[in-house]
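Hi,

Here is the structure I said I'd pass on. Have a look at it first, and then read on for my notes.

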Amino acid sequence: MSLPKEHTSETKRLLKKVPTNIIGKWLLEEGYYPEQYVVPPSFKVKKFDLKAVPYFTVDTTGVQPKFDPLKSELVNVSFPKTELTDRTFGIIEPKIYHDIVWYLINEWDLIIKTLFQRNNKIYSYSFPIPITKNSEGILGDLRAGRMIYEFLEMAENDLVTEAYNYKYVLKTDIKNFYPSIYTHSIAWAIHTKEIIRKKGNRSDYTNFLGLKLDRLIQSANDGCTNGIAIGPAISDLIGEIILSTVDTECSKAIDKKGIDYLAVRFKDDYRFLCQSKQEANFIIKTLQKQMALFNLTLNESKSQIDELPEGLFREWTAEYQPFSLKFKKKISYKTFENSFRGTLKVDKKFPGTGVVDRFLSELYLKNNDLKFNFKDKDLLKSISLLLMLKERRNKSFPQILGIIEKIIETNKTKVRTISKISSLLENLLNEKLKNIDDNQYDLIWLIYFIKSLNLFSITYPPKINSTLIKSLKNNKVEFFKPIPTDIKIFETIKGVGKNISLLNHLALFKKVEE
């Protein structure tokens, strides 16, 4: 048995050991918001229980069953992915989110059957629920840590170990996966398109889970049938449900051709090991054909065939190695600047990789203590450089603020230093407030950061459209109102020293190393 096949078998075994009430609770509480780097700690579920019955039920009193959940719009938060495109995350109305989880858990055996289909030979390394060998029967709470770990395990361990049997590696991914998902394809994946399209089945909400999920996902997104929210754990789960069926049909077609291959997937990112370029071309055409049946397309610009061992490794890791601070416990400003410059060079050569995140994670120890304590001028220079680094990778901004938070904590007795840092941040905030709509992501993190440390009073513009910013301003939830009183999805910002530190909130690479 190959390592990827063993991995999938173990994932299924561990998942079946977790009671469904624990899975439901995790999906509601830990999986409601997007991952830690998207929204600050105030956007945290404090209470969200799975009810005995859903909020929205199927009406069977008429000739045809009806299922009409309320319509809502996603609360979105975006940050620039490139100069021309944004990555937009969505938050789902709580009652709709509850019912998606409720109906999934109500037919969990069917979901497991769909996720782990017998003929599927494309092994997924992106199961979104954090099951581990070290805690059988219970779940963790960090999706991001597990996801990064799974990807590294796939790319650098299992696949490399098996690669000696093959000559080529095919890499490809799906173009705009989550925004392209056709909600009707959820039912196709669970029940097959043929069954759903039979006369009388298209609206049989009583007997087909996939149809209920389809309608709920539409309702969460103002009735749209194209696209699902990026970020919530149930979106990752639905993505896995759809792709497991695509992968199974693709596996059958490749097997019919008698091709010797090994395939793995991380979310919408595929790797196939095979023996020839001809086989690789057949595989990618087969995958394209199966994707098209689900209204999905492959990203041609990111599809490539490499002769092994090329293509197995993430090239940026080797180029970053001379600049790494991983094994240093204390660093000077000169060492910091040298590593910073090296990070910029690697990022320029390999844009969009995790090198910036890696550099930032190596500036502090496992207990979150900083590896440096620079003197005044060097300290202010380091903060300036860190803030400039944000322009290279927008999702790094929370981690940068987490490091600045530790700097402030370390230097809290130095009034002049703290005053200069506050002044720098106040100028940055006021500049961002001039255009709230384009700077929402930066602003929700800056406002939380400033309020949690009580650095200075914030002067807000008279009109604020963002309900996320309004929530931080007023220190209470200002979206999806009214929310049922038994659902608590906002954590008020407390006094200085009483809020979770940002580095603890993020805890990305630290968890991987442990």
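Below is what turned up, first on the sheet and then on the cysteines.

Keep in mind that this is a predicted model.

The sheet first. It is an open one, built from 5 strands in the order β3-β5-β6-β4-β7, with mixed pairing. The edges are taken by β3 (122-124) and β7 (304-307); each has a single partner strand, so one side of each is left without a neighbour in the sheet. From one strand to the next, the twist averages 20°.

If you want a spot to zoom in on, try β5 (residues 262-266) and β6 (residues 269-274). These two pair in the antiparallel sense, over 5 bridges. F266 sits opposite D269 in β6.

Then there's a helix to look at: α11 (residues 277-292) lies across β4 (168-173), β6 and β7. Its direction is at about 145° to β6.

Now the cysteines. How many disulfides does a search of the whole structure find? The count is 0. Take C250, which is in no disulfide: the nearest cysteine sulfur belongs to C274 and is 12 Å away. With a disulfide cut-off of 2.5 Å between the sulfur atoms, C250 and C274 at 12 Å don't make a pair.

And are C250 and C224 buried or exposed? C250 is buried, with a relative accessible area of 0%, while C224 is partly exposed, at 37%.

That's it from me. Shout if anything is unclear.

Cheers

How values were computed: Residues numbered from 1 in each chain as written. Predicted model: local features only at pLDDT ≥ 70, side-chain atom pairs only at ≥ 80, totals over all residues. Heavy atoms only, no water. Buried < 20%, exposed > 50% of the residue type's maximum accessible area, 1.4 Å probe, protein only. Pairing = 2+ DSSP bridges. Helix = DSSP H or I, 4+ residues; strand = E, 2+ residues; numbered from the N terminus. Axes fitted to C-alpha atoms, helices over the stretch in contact; angles between N-to-C directions. Contact = heavy atoms within 4.5 Å.
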